[in-house]
Amino acid sequence: MVTCQEVGPLSSKPDPRPLLSALLSSVKRASGRYERFLERRFPRFYLLYATSHRGFKALFLEAKEIRKIKINMAHQGISFQQLPYRDMERLRQFRRDLIKAIPVSLLSLPPFANYFVLVLIYLFPRQLLIHYFWTPKQQVEFLNIYHGMRREAYPDIIDGLARATQFVADQQIRDPMQRLCTKVQQGSHPGVAELHAVRSLFSGHPLGLNRLRIWQVKALSRVLFLTPHLPTIFLRYRLQNHVQEIQHLDRAMLKLGVKELSDEEVNRACYVRGLNSTRLSPAECREWLDQWLKLSCMLKDSEASLLAHSMVLLSTNYQAAKEPGNPTLNDMSMGAMSFLLCQR
């Protein structure tokens with residue numbers, strides 16, 4: 001017969017969770033006091049500190065979301081083009097941010113080089129920092145600067161369209177294109193139907209992506225914020241890839257519906273497509289985006305050149321049409337236009 005011995009009460013270890021919770025609360029209170037001290041005594045440094053803190057937090061959360069999207073793509077066996085709009089746009093923007101951040105990260109690798117990099121970042125935040133680390137004021141300022149830089153290429157692109165089509169043999173397609181260029185140069189905003197009517201010129205000779213002259217490819221690359229300092233074959237390849245990427249985003253956005261987008265998402269979408277949305281109201285941005293989608297979703301992949309040129313044709317005079325009295329491309333030289341954009 002087996003007898004059971006009485007077993008005394010087991011010794012239990014103290015629960016560490018209350019202690020950990022109290023420690024975290026103390027750290028949060030100390031951090032809050034430190035931040036209030038910085039805000040009161042060193043407001044400019046506090047702004048940099050708060051922006052960096054929010055930037056790292058947002059970047060970390062975004063990286064987690066990107067990882068989830070990548071895992072879902074692998075499990076479901078879907079490509080980038082099959083993603084919902086928001087996931088597709090997240091991947092596109094994160095990839096561009098990563099490309100911009102890599103050189104800064106490499107510069108920081110040598111011993112003590114990080115101090116030098118910090119000085120460079122402080123002096124050149126627009127060129128070296130990704131948008132997570134821009135202050136709200138810098139967001140607007142830098143976007144305006146970047147738009148001013150690409151807008152400098154707009155008149156050359158429109159002049160190139162007019163020159164390239166003046167010797168087209170078919171008068172029925174040549175005349176509408178000439179009228180369209182003249183209309184934009186005189187400060188009027190074209191309609192989607194006018195662009196759609198000349199689409200055949202952009203699928204082959206003379207305005208297809210593979211038929212454009214090198215200076216036209218470089219100008220369009222600037223509009224899409226792509227470096228023009230590459231061999232011609234790479235310029236054409238990158239330009240075509242980025243325009244097709246915008247087409248895929250447009251189709252995904254149409255499935256979602258513009259009404260489902262927040263004002264911030266609409267502004268960002270307009271800016272990516274050539275319009276300076278920082279100077280327009282949300283309603284005006286939505287109106288422009290509806291026009292853009294109407295055109296984009298009528299075009300075939302072989303007509304990507306028209307979509308790239310539409311970034312210029314549809315955005316050049318849209319703001320002026322909403323604000324009568326603004327100078328147009330026909331009223332000012334390139335130098336005067338650059339000055340106006342910087343001073344506004």
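Colleague: Over the face of which residue does R150 lie, and at what distance from the ring centre?

Modeller: In this predicted model, a charge counts as sitting over a ring when, among other conditions, CZ of Arg is within 6 Å of the ring centre. R150 meets that description, since this arginine lies over the face of Y271, and the distance from the ring centre is 4.5 Å.

Colleague: Is Y271 buried or exposed?

Modeller: Y271 belongs to helix 12, which covers residues 263–272. A residue is called buried when its relative accessible area is under 20%. The value for Y271 is 8%, so this tyrosine is buried.

Colleague: How are the rings of F225 and Y271 arranged, stacked or edge-to-face?

Modeller: The ring centres of F225 and Y271 are 6.1 Å apart, and their planes meet at 15°. Planes under 30 degrees apart count as stacked. The pair formed by F225 and Y271 is therefore stacked.

Colleague: How many residues apart in sequence are the parts that the pair of F225 and Y271 ties together?

Modeller: F225 is placed in the loop between helix 10 and helix 11, whereas Y271 is placed in helix 12. Because the two rings come from these separate elements, the pair ties together parts of the chain whose separation in sequence is 46 residues.

Colleague: The structure holds five aromatic pairs; what is the geometry of the one formed by Y146 and F225?

Modeller: The rings of Y146 and F225 are 6.0 Å from centre to centre, with 70° between the planes. Planes over 60 degrees apart count as edge-to-face. The pair of Y146 and F225 is accordingly described as edge-to-face.

Colleague: Which residues form one aromatic cluster?

Modeller: F225 pairs with Y146, and the ring of F225 also pairs with that of Y271. The cluster is thus made up of Y146, F225 and Y271.

Colleague: Which residue has its charged end over the ring of Y146?

Modeller: Y146 lies in helix 6, residues 136–151, and is buried, with a relative accessible area of 19%. The charged end that sits over this ring, 5.1 Å from its centre, is that of R126.

Colleague: What is the phi of F225?

Modeller: Most residues other than glycine have a negative phi. F225, which is partly exposed with a relative accessible area of 31%, has a positive value instead, and its phi is near 60°.

Colleague: Which residues does a cis peptide bond join?

Modeller: Most peptide bonds are trans. In the loop between helix 9 (192–197) and helix 10 (214–223), where P206 is found, there is a cis bond with omega of about 5°, and the residues joined are H205 and P206.

Note on methods
Residues are numbered from 1 along each chain as its sequence is written. This is a predicted model: local features need pLDDT of at least 70, side-chain atom pairs count only at pLDDT 80 or more; totals for chains, interfaces and linings use all residues. Side-chain values use heavy atoms; hydrogens and water are left out. Helices (H or I, at least four residues) and strands (E, at least two) are DSSP runs, numbered from the N terminus. Buried means under 20% relative accessible area, exposed over 50%, partly exposed in between (1.4 Å probe, protein chains only). Rings of Phe, Tyr and Trp (its six-membered ring) pair if their centres lie within 6.5 Å; planes under 30 degrees apart count as stacked, over 60 as edge-to-face and the rest as tilted. A charge sits over a ring if NZ of Lys or CZ of Arg is within 6 Å of the ring centre and within 35 degrees of the ring normal.
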